[in-house]
Structures are given as structure tokens and as C-alpha cells.
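Here is a small set of exercises to work through with the model open beside you. Try each task before reading its solution.

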Amino acid sequence: MKFRAKIVDAACLNHFTRVSCMVAKLARACTLRISPCKLHFILADSAAGGGVSMWCELPQENFFSEFQMEGVSEENNEIYVELTSENLARALKTAQNARALKVKLTNKHFPCLTISIELVSLSSSSRMVTHDIPIKVIPRKLWKNLQEPTIPDSDVSIYLPLLKTMKSVVEKMKNISSHLIIQANLNGDLNLKIETELVCVTTHFKDLGNPPLASEDASQDRDPEQMAEVHVDIRKFLQLLAGQQVNPTRAVCISCGAVVPLMSQLLSGPTLWSWLLGPHSDVVSHKMVHFDLLHEDVSLQYFIPALS
């Protein structure tokens, strides 16, 4: 296995740094999947165990001026390694105003992802800073657990308000309850709701609009006023909102009646997709919320399991 890449454009370097910081806020440890065309940051925790899952995709040609890799074999030309996200984010933070950044797989008594940063001093001379990030190579037999499944048919699709607005609302709700109820319908209504023995607070968003559904047949018999809802851990939802380093130009919320897999196929356009599964409280424990954020050349999918 071999991997070597280089970034010389300042904008690309800053963008790559922002993405790494976002990933670090969402996942303590993750899998880095390297393929000839793309990089992926993957977190595949068990939803049944209450863990969140993540799938972040970056087209390599939009970031790297040089990119060379050889996978485990000609038939399986990919590399999977596990690393601590914060280690990568800290290394890249030292690359501000760098002339160039190189990243490669090395073996220095243990497998490493080596980050070499060329910095320019006040005298215009350059100096190199190197970070060796420990990694664990994932064997081929475990790759099947780190793939992206297909998308189920949806019931409700609705545009979301600004993420900053949602973050402000959810931060206040977090002080009252640890559970959040998210509701949406085909009339463009979205509710963020908390309930306790003493108080019930709901924030209503009206006339958000409903984009075309991935499957028109899935909701043609659905009452436009009927709410699909899911109960989630409010801290996990807020973690997603607080971890964003980029803002989408458009955000969409979709509700499904089928169990969504850990990851789904990417959708086109700069959107944030949220799957709200299980409109009935007796089955909500088997569902989850799925966010799919696309901004320019970066796609982030994030999955929060529903509470029972």
C-alpha cells in the first residue's frame, strides 16, 4: 500500500483544515478511506447501541495538486485506516499560511499518517514541520462494515431554516430537557419540541416549502397536515449543529417510514437532508435521523439514532 498527496493552494489547504476540524468535533476516532478519486472520513458506530454514524466525502482533485495511491490490490484499489480525528485536526491547524502540505503513509516503528508542512519565516526562508499520526490499518475482511448503503423511499420532505437559527433554539432547549422531538409535514411545517413533567416548549417554523421527493409514490396518499416525528438525544443533535465549519446554501428535511441504514447514497445539490423516521411512538426506537450536508465539494452524512 502506498499513499502520497500534496496541497499547494492556500484556499484548498484552509478548506481541508476546516473539514478536518468539523470531523474532529463529530467523531473522536474515525476511519479514513483512500481511493483513487476520493477521500472518506467514516464513523460507523452501532445505532442499536445509541451511537452516531458519519460519512464525509471529499473529491481528491478539488484539494490536492498531487495525488498518488496504490491500494491493497489491483482489484481492491483502496486503503482503510483508523485514526484519532483530533490528532489530524491539530496537525493541520499548524499549517495556516503554509507554502505547501504533504501527507503520506509511513511506517516509523508503527504505521503513521505523516503530515509535512512547509512554513515560510519572516526572512522568506522555509522550514519543515512534521507530524506523525498513529494509525491502524483495517484489513480487507472488515471493509464490508464501512460501505454506504442505498436510500429508502421517503414520506415527507421539507426545507430547513438556517442551521444557525436551529442551533440557537436547540441550545436554549438543552437547558430544559435532554430529549428533542422533531416533527415535519408536507405543508412546509417543522417543529422542534421538548416535553417534561412541568413544561412543554415548541418552536414552530412555517412555510418552509417542500422540495420534490425522491419517490413521489411514497407520500401521495399521506395527509399534508400529518406530522412525522422522531425523538432524539438533544446533545447529539446540537453536536452536529455546533460542529459545522461550513454553511449549506440550502437545507432539506425528509421523513421516511422505513428503517434507514447506517449510510446512504449521496444526493445531488448543496443540501442538508434529514430523515425523520417512525411517525408512531411505538416504533420510533428502531429509527434514526439522517443528515446529508453538501456544500460545494464536500458531502457530510450524519446519523443520530432515535430514542425509545
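## Exercise 1: Helix α1

At the start of α1, a side-chain oxygen of D9 lies within 3.1 Å of the backbone nitrogen of A11. This is a predicted model, so distances like this one are computed from predicted coordinates.

**Task.** Describe the length of α1 and how far it is covered, then place T17 in that picture.

**Solution.**
1. Start with the span: α1 has 17 residues and reaches 25 Å from its first C-alpha to its last, close to the 24 Å expected at 1.5 Å a residue.
2. Next, look at the cover. Of the 17 residues of α1, 12 are buried, and the helix is mostly covered.
3. List some of them: the buried residues include C12, L13, F16, V19, M22, V23 and L26. H15, T17 and S20 are also among them.
4. Now zoom in on T17, which is found in helix α1. Its relative accessibility is 12%, so T17 counts as buried, the cut-off being under 20%.
5. Finally, find its partners. Leaving aside neighbours within four places in sequence, T17 is in contact with L92 and K93.

## Exercise 2: The two faces of α3

**Task.** Which residues of α3 are buried, and which exposed residues does the face turned away from its buried side carry?

**Solution.**
1. Helix α3 covers residues 163-174, and its 12 residues reach 16 Å from first C-alpha to last, close to the 16 Å expected at 1.5 Å a residue.
2. The buried residues in α3 are L163, M166, V169, V170 and M173.
3. Seen down the axis of α3, these buried residues fall within an arc of 125°, so they line one face of the helix.
4. The general rule helps here: an α-helix has 3.6 residues a turn, so residues three or four places apart point the same way.
5. Turn to the face away from the buried side of α3, and you will find the exposed residues K164 and K172.

## Exercise 3: Into the core

**Task.** Find the residues that touch the most other members of the largest nonpolar core, then trace the contacts of F237 and L113.

**Solution.**
1. The largest nonpolar core has 73 residues, and M54, L113, I115, L180 and F237 touch the most other members.
2. Helix α1 gives the most to this core, with seven residues.
3. A second, separate core of six residues includes I42, W55, I138 and W143.
4. Take F237 and set aside residues up to four places away in sequence: F237 touches M166, V170, L180, I182, V232, F291 and I304. Two of these names, M166 and V170, appeared among the buried residues of α3.
5. Now take L113, in strand β8 (residues 111-120). L113 counts as buried because its relative accessibility is 2%.
6. Beyond its neighbours within four places in sequence, L113 is in contact with residues including F3, L32, L83, L88, V103, L105, I133 and I135.
7. One more check on L113: its C-alpha atom is separated by 9.8 Å from that of R4, and the two residues are 109 residues apart along the chain.

## Exercise 4: Strands and their partners

**Task.** Which way do the side chains of β5 point, and how many bridges join β1 to β5 and β11 to β14?

**Solution.**
1. In β5 (residues 66-70) the side chains alternate: F67 and M69 point to one face and are buried, while E66, Q68 and E70 point to the other and are not.
2. Strand β1 (residues 2-7) runs antiparallel to β5, joined by five bridges. K6 stands opposite E66 in β5.
3. Strand β11 (residues 179-184) and β14 are also antiparallel, with six bridges. Here I182 stands opposite V230 in β14.
4. As for cover, five of the six residues of β14 (residues 228-233) are buried.

## Exercise 5: Positive phi in the loops

**Task.** Where are H109 and D207 found, and are they buried or exposed?

**Solution.**
1. H109 is found in the loop between β7 (100-107) and β8. Though not a glycine, H109 has a positive phi of about 70°.
2. H109 is exposed, with a relative accessible area of 85%.
3. D207 is found in the loop between β13 (200-205) and β14, and its phi is near 55°, a positive value in a residue other than glycine.
4. D207 counts as exposed, at 71% relative accessibility.

Methods
Residues are numbered from 1 along each chain as its sequence is written. This is a predicted model: local features need pLDDT of at least 70, side-chain atom pairs count only at pLDDT 80 or more; totals for chains, interfaces and linings use all residues. Side-chain values use heavy atoms; hydrogens and water are left out. Helices (H or I, at least four residues) and strands (E, at least two) are DSSP runs, numbered from the N terminus. The expected span of a helix is 1.5 Å times one less than its number of residues. Buried means under 20% relative accessible area, exposed over 50%, partly exposed in between (1.4 Å probe, protein chains only). The arc is that of the directions from the helix axis to the C-beta atoms. A nonpolar core is a set of buried Ala, Val, Leu, Ile, Met, Phe, Trp, Tyr and Cys residues joined through side-chain atoms within 4.5 Å. Contact means heavy atoms within 4.5 Å. A polar contact is a pair of N or O atoms within 3.5 Å; within protein, one must be able to donate a hydrogen and the other to accept it, and residues adjacent in sequence count only if both atoms are side-chain atoms. Two strands pair if DSSP finds at least two bridges between them.
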